Amino acid sequence: MNANLYSLFERHFPRGTEQPFLVVPNGPVVHYDELAATSARIAHALVGAGCVPGDRVAAQVDKHWHVLALYLACLRAGLVYLPLNTGYQRAELGYFFGDAQPRVIVCNAEHLGVVAVLERDATVLTLAELMDRARDLPAQFTTVDRTADDLAAILYTSGTTGRSKGAMLTHRNLASNGLALVESWGFTRGDMLLHALPIYHVHGLFVATHCALLSGARMLWLPKFDAAEVISLLPRATVMMGVPTFYTRLLADSSFTADTCQSVRLFVSGSAPLLAETFDAFRARTGQAILERYGMTETGMITSNPLDGARVGGTVGMPLPGVEVRIVDDHGGTCDAGAIGGVQVRGPNVFAGYWRMPEKTREEFAADGWFRTGDIGQWVGEGPAHGYLRLVGRAKDMIISGGLNVYPTEIEELIDAIDGVAESAVIGLPDPDFGEAVAAVIVRKVGHALTERDISTALRGEIAGFKLPKRVFFIEELPRNSMGKLQKSLLRERFGSS
Ligand code: MLC
Ligand code: AMP
């Protein structure tokens with residue numbers, strides 16, 4: 001049987017015009033048949049552009065349902081889809097294109113110039129140009145045979161050291177995780193998923209849309225999260241997924257009430273820690289317990305609070321069907337309930353490795369094949385077999401701002417290269433909106449009078465806006481311990497409340 005993920009999706013597609021796939025408020029209603037036909041036309045266009053199975057197709061484009069059709073077209077043609085955050089700038093894009101060597105790049109019109117200069121070997125098109133090429137091509141396409149181990153997508157994740165790594169996700173990874181979520185969260189054709197997430201990361205692209213595609217459900221499709229718009233549309237939805245910032249912004253709006261949520265059977269949160277106080281405040285306001293789940297790019301979703309049964313605030317629930325989780329101490333021993341250690345994962349959801357980085361891949365796996373997430377946790381509740389996982393920290397030096405990951409090293413390297421900077425430390429500080437906000441602590445070189453504005457001017461345009469420090473502090477000297485190791489915890493204490 002063809003293990004192509006598209007073939008699995010297709011088996012769940014409702015036929016005809018009874019059931020929409022996607023509804024754009026004040027815009028078109030798209031049916032599953034149209035999605036299938038559009039993806040077939042785009043698949044022909046990609047083949048016409050010279051793509052052969054295994055080639056990468058990069059997309060850095062604004063949210064539109066055509067982008068989902070492009071993703072499906074890639075699957076159908078056996079191509080590897082490479083979605084990119086629309087905020088990425090020249091330095092980031094140059095690296096991704098050089099590393100992944102895409103055959104086709106689809107980008108926003110304003111990026112055409114930059115992208116064409118960065119990547120001379122690829123065919124560079126706007127989404128509109130691609131759709132023009134596709135328009136008159138056949139509405140049928142024979143989905144290419146793939147094995148479960150063939151690549152379906154590459155998603156770049158930054159690292160604590162060095163360059164970003166392309167996580168290689170196979171058809172098996174995506175299929176197994178999507179099916180586990182549909183089962184665990186009870187998705188059916190009756191569902192209307194309010195989709196306000198970006199579609200270039202795991203949460204919006206795989207978690208949300210795969211639940212719809214694998215159950216024949218409908219999506220209410222918003223270009224981005226806007227609290228007032230979401231509040232006005234929630235009465236039409238049955239499920240919403242979001243990062244914690246979505247929930248704190250909804251709660252900050254007094255027009256968000258229990259009535260707003262009457263038709264919603266499930267609110268899901270993930271990608272960043274949902275504070276227990278947000279969980280409690282949401283329940284007090286709406287009577288509903290947000291279901292928190294945990295995952296990462298390399299593994300898809302790992303654990304989830306239950307659909308039926310107690311959803312415990314401050315925990316990320318239990319392993320999903322088919323996924324195994326263990327907590328390991330510093331000596332490699334498995335931790336008992338309550339003990340804190342590194343979270344490791346095994347299962348069909350775990351990625352195939354980092355693109356062209358076999359060394360880095362080996363480093364991230366334990367000798368017996370379990371993947372090290374870099375998160376630190378403990379079992380709470382009824383012991384490892386049935387307990388809930390609580391995440392208590394991260395071994396990796398990473399900041400999560402509004403559900404987006406920022407690796408301090410990347411920003412520190414850029415700041416250190418600014419004329420007049422002696423050294424810098426980038427830290428995450430508590431932020432009521434983004435959960436954590438990026439802050440830079442900088443030591444000037446003697447005789448230099450750098451200002452916060454100099455720093456932001458130097459960084460803007462180099463890296464995505466969400467990575468830019470929201471606050472900049474200048475100090476005389478960075479705190480180090482007797483071994484000379486930088487003590488970021490002291491910086492977080494000192495600047496956390498200022
Ligand atoms: C935007 N900005 C951010 C930001 N998002 N700054 C810090 N953190 C963020 N998350 C900046 C922009 O650069 C811009 O800066 C300014 O804020 C306004 O931009 P905007 O686009 O209008 O922002 P807004 O709409 O308010 O976006 C905030 C947000 C959005 C929280 C709604 O970031 C979002 O949708 N986040 C979800 C991310 C996500 O999907 N994560 C899942 C990853 S997958 P300036 O200076 O230019 O004005 C994953 C695995 C898993 O982690 O488990 O799911
Ligand atoms: P990414 O690299 O974008 O895939 O981010 C994955 C990381 O996000 C995980 O390793 C966790 O650190 C974090 N994460 C995801 N979901 C949660 C959650 N529910 N609570 C806390 N952290 C989370």
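This is a walk through a predicted model, with a suggestion at each stop for what to select and what you should find there.

**Stop 1: the nine-stranded sheet**

Start with the open sheet of nine strands, whose order is 2-1-10-9-11-12-13-14-15. Pairing in this sheet is mixed. For the two edges, select residues 29-31, which make up strand 2, and residues 318-319, which make up strand 15. Each of these edge strands has a pairing partner on one side only.

Now go to the pair formed by strand 11 (residues 239-242) and strand 12 (residues 266-269). These strands run in the parallel sense and are joined over four bridges. Show Met240 and look across to strand 12: which residue stands opposite? That is Phe267.

**Stop 2: helices across the sheet**

Select 32-48 to bring up helix 2, which lies across strand 1 (20-23) and strand 2. Helix 2 runs at about 75° to strand 2.

Next, select 171-185 for helix 7. This helix lies across strand 11, strand 12, strand 13 (291-296) and strand 14 (300-304), and its angle to strand 14 is about 30°. Keep strand 13 highlighted, since both ligand stops come back to that strand.

**Stop 3: ligand 2**

Click on ligand 2 and expand the selection to the 16 residues that surround it. The closest are Arg293, Thr297, Asp375, Lys396 and Asn405. Which element contributes the largest share of this shell? Strand 13 does, with five residues. By type, the shell splits into eight nonpolar, four polar and four charged residues.

Here are some distances to put labels on:

- Arg293: a backbone N or O atom sits 2.7 Å from a nitrogen atom of ligand 2.
- Asp375: a polar side-chain atom is 2.6 Å from an oxygen atom of ligand 2.
- Asn405: an N or O atom in the side chain lies 2.7 Å from an oxygen atom of ligand 2.

Switch on a surface here: ligand 2 taken alone exposes 500 Å², and the protein buries 89% of that.

**Stop 4: ligand 1**

Move over to ligand 1, which has 24 residues around it. Arg249, Ser271, Arg293, Ser401 and Lys470 are the closest. You've met Arg293 already, among the closest residues to ligand 2. At this stop, look at the side chain of Arg293, where an N or O atom is 2.7 Å from an oxygen atom of ligand 1.

Two backbone contacts are worth labelling as well. One is at Gly295, with a backbone N or O atom 3.2 Å from an oxygen atom of ligand 1. The other is at Gly403, where a polar backbone atom is 2.9 Å from a nitrogen atom of ligand 1.

How much of ligand 1 does the protein cover? The figure is 74% of the 1,000 Å² of accessible area that ligand 1 has on its own. Helix 8 (202-213), helix 10 (244-251) and strand 13 are the elements that give two or more residues to this shell. Helix 10 gives the most, with three residues. Colour the shell by type and you get 10 nonpolar, nine polar and five charged residues.

**Stop 5: the four-stranded sheet**

Finish at the open sheet of four strands, ordered 16-17-18-19 with antiparallel pairing. Its edges are strand 16 (324-328) and strand 19 (388-394). Neighbouring strands here are turned by 50° against each other on average, direction ignored.

Last selection: strand 18 (residues 371-380), which pairs with strand 19 in the antiparallel sense over six bridges. Pick Trp379, and you'll find its bridge partner in strand 19 is Leu389.

Terms used: Residues are numbered from 1 along each chain as its sequence is written. Chains are lettered from A and ligands numbered from 1 in the order in which they are written. This is a predicted model: local features need pLDDT of at least 70, side-chain atom pairs count only at pLDDT 80 or more; totals for chains, interfaces and linings use all residues. Side-chain values use heavy atoms; hydrogens and water are left out. Two strands pair if DSSP finds at least two bridges between them. Contact means heavy atoms within 4.5 Å. Axes are lines fitted to C-alpha atoms, for helices over the stretch in contact, and angles run from 0 to 180 degrees between N-to-C directions. A residue is near a molecule or strand if one of its heavy atoms lies within 4 Å of it. A polar contact is a pair of N or O atoms within 3.5 Å; within protein, one must be able to donate a hydrogen and the other to accept it, and residues adjacent in sequence count only if both atoms are side-chain atoms. Accessible areas come from the Shrake-Rupley method with a 1.4 Å probe; for residues, only the protein chains shown count as cover. Ala, Val, Leu, Ile, Met, Phe, Trp, Tyr, Cys and Pro count as nonpolar, Asp, Glu, Lys and Arg as charged, and the others, Gly among them, as polar.
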